Amino acid sequence: MRANLSRRIVSYFVDALPILFIVIGMNNLFVGTIISNSIENYEELSATYYDNSDILSDDIADLRADVESELITEDDFQTMSTGLYEDFWDDNTEEYNAVVAHLILTMTYGFVAFVSIYYLYMLILKGNSFGRKLMGIELTGKVTWFTILSREVIWKHFFWILFLIFITFMSTIMTVPLLIVALFAVSGITFDVALIGFSAKKRAVRDIMSQTQVTYKGVNYPF
């Protein structure tokens, strides 16, 4: 009998959280420094960017206070604030690029490191991780190094991240509100949750594509 949604969710978090802490710890210990050093003058550029961002925020707040005090009109506020933003971006292009590059590299490291450790962890335990054992479930079916790679890396984490990238990209084209982006950014996970929790067969895409399934331990019923 295939495992229900709640057990699969809890088992994932039991397995994923320690790995996440390891990745964060590695970043704090040495990876973060390596990333910063790979960007020329990053420390200076980032410090300047954040300092100037604070100044911009203060200037915008002062303008808003002037509107509330009726010293300037709302139209004046819009015109003046737009000018401040334009000047900020003109003066801080290099600094902004450095901050964004650092963010992208950090996120890429985090994702690759997490998925790599997670895959090795699952590979060593042949898919029957501590989280699954704790919840009384197990991975059954055609369990090989390739099917573990398929289900745990490609059709789980890469599937989720591709949804996130797609939704974020579409939001920049269609000017979608941030709240809507946030709701759909996790749609890859939501899709999995719907299939496992509400479909008759309780099988996610990764179960189908890898010819494996998560069942209750010791139960071999074909449903």
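**Close-up views of a predicted model**

**View 1. Glu152, a charged residue in the interior of the predicted model.** With a relative accessibility of 1%, E152 counts as buried, because this value falls under the 20% limit used for that class. The model shown here and in the views that follow is a predicted one. E152 belongs to helix α6, and its side chain takes part in two polar contacts that can be followed in this view: with the side chain of R132 at 3.0 Å, and with the side chain of K156 at 2.7 Å. When residues up to four places away in sequence are not counted, E152 touches Y118, M122, R132 and H157. Two of these residues, Y118 and M122, reappear in View 4 among the members of the largest nonpolar core that touch the most other members.

**View 2. The salt bridge between R132 and E152.** Side chains of opposite charge can pair when their charged atoms come close. In the pair formed by R132 and E152, the closest N and O atoms are 3.0 Å apart, and the two residues form a salt bridge. This bridge links distant parts of the chain, since R132 is placed in helix α5, which covers residues 130–134, while E152 is in helix α6, with the two positions 20 residues apart. Both partners, R132 and E152, are buried.

**View 3. D207 and its two arginine partners.** The side chain of D207 meets that of R8 in a salt bridge with an N to O distance of 3.2 Å. Distant parts of the chain are linked by this pair, D207 lying in helix α9 (residues 205–210) and R8 in helix α1, 199 residues apart. D207 counts as buried at 1% relative accessibility, and R8 also counts as buried, at 10%. D207 further meets R151 in a salt bridge, side chain to side chain, at 2.7 Å from N to O. Here again distant parts of the chain are linked, with D207 in helix α9 and R151 in helix α6, 56 residues apart. R151, at 0% relative accessibility, counts as buried. Taken in a wider frame, R8, R132, R151, E152, K156 and D207 are linked in a network of salt bridges, and the count of salt bridges in the model comes to 6.

**View 4. The largest nonpolar core and the surroundings of F114.** The largest nonpolar core has 18 residues, of which Y12, I19, V23, Y109, F114, Y118 and M122 touch the most other members. Helices α1 (5–38), α4 (93–124) and α6 (145–174) each supply at least two residues of this core, and α4 gives the most, with 8 residues. For F114, leaving aside neighbours within four places in sequence, the contacts are with Y12, A16, I19, L20, V23 and H157. A second core, separate from this one, has 9 residues, including I60, L63, I72 and V99.

**View 5. A nonpolar patch on the surface.** I9, F13, L17, L20, F21 and I24 make a nonpolar surface patch of about 550 Å². One of these residues, I24, lies in helix α1, and I24 is classed as partly exposed because its relative accessible area of 41% falls between the limits of 20% and 50%. L20 is a member of this patch and is also listed among the contacts of F114, a residue of the core in View 4. For the protein chain as a whole, the exposed area is about 13,800 Å², of which carbon and sulfur atoms supply 68%.

**View 6. T140 in strand β1.** T140 is found in strand β1, which covers residues 137–141. T140 is buried, its relative accessible area being 17%. Apart from neighbours within four places in sequence, T140 is in contact with T212, Q213 and T215.

**View 7. The protein chain as a setting for the close-ups.** The protein chain has 9 helices and 2 strands, and read along the sequence these elements follow the pattern α-α-α-α-α-β-α-α-α-α-β. Of its 223 residues, 35% count as buried. Among contacts in the chain with a separation of 6 or more, residues 24 or more positions apart account for 75%.

How values were computed:
Residues numbered from 1 in each chain as written. Predicted model: local features only at pLDDT ≥ 70, side-chain atom pairs only at ≥ 80, totals over all residues. Heavy atoms only, no water. Core = buried A, V, L, I, M, F, W, Y, C linked by side-chain atoms within 4.5 Å. Buried < 20%, exposed > 50% of the residue type's maximum accessible area, 1.4 Å probe, protein only. Helix = DSSP H or I, 4+ residues; strand = E, 2+ residues; numbered from the N terminus. Contact = heavy atoms within 4.5 Å. Polar contact = N/O pair within 3.5 Å; in protein donor to acceptor, adjacent residues only side chain to side chain. Salt bridge = Lys/Arg side-chain N within 4 Å of Asp/Glu carboxyl O. Patch = residues over 30% accessible without salt bridge, like charges linked within 9 Å, V, L, I, M, F, W, Y side chains within 5 Å. Areas by Shrake-Rupley, 256 points an atom, 1.4 Å probe, with all protein chains shown as cover.
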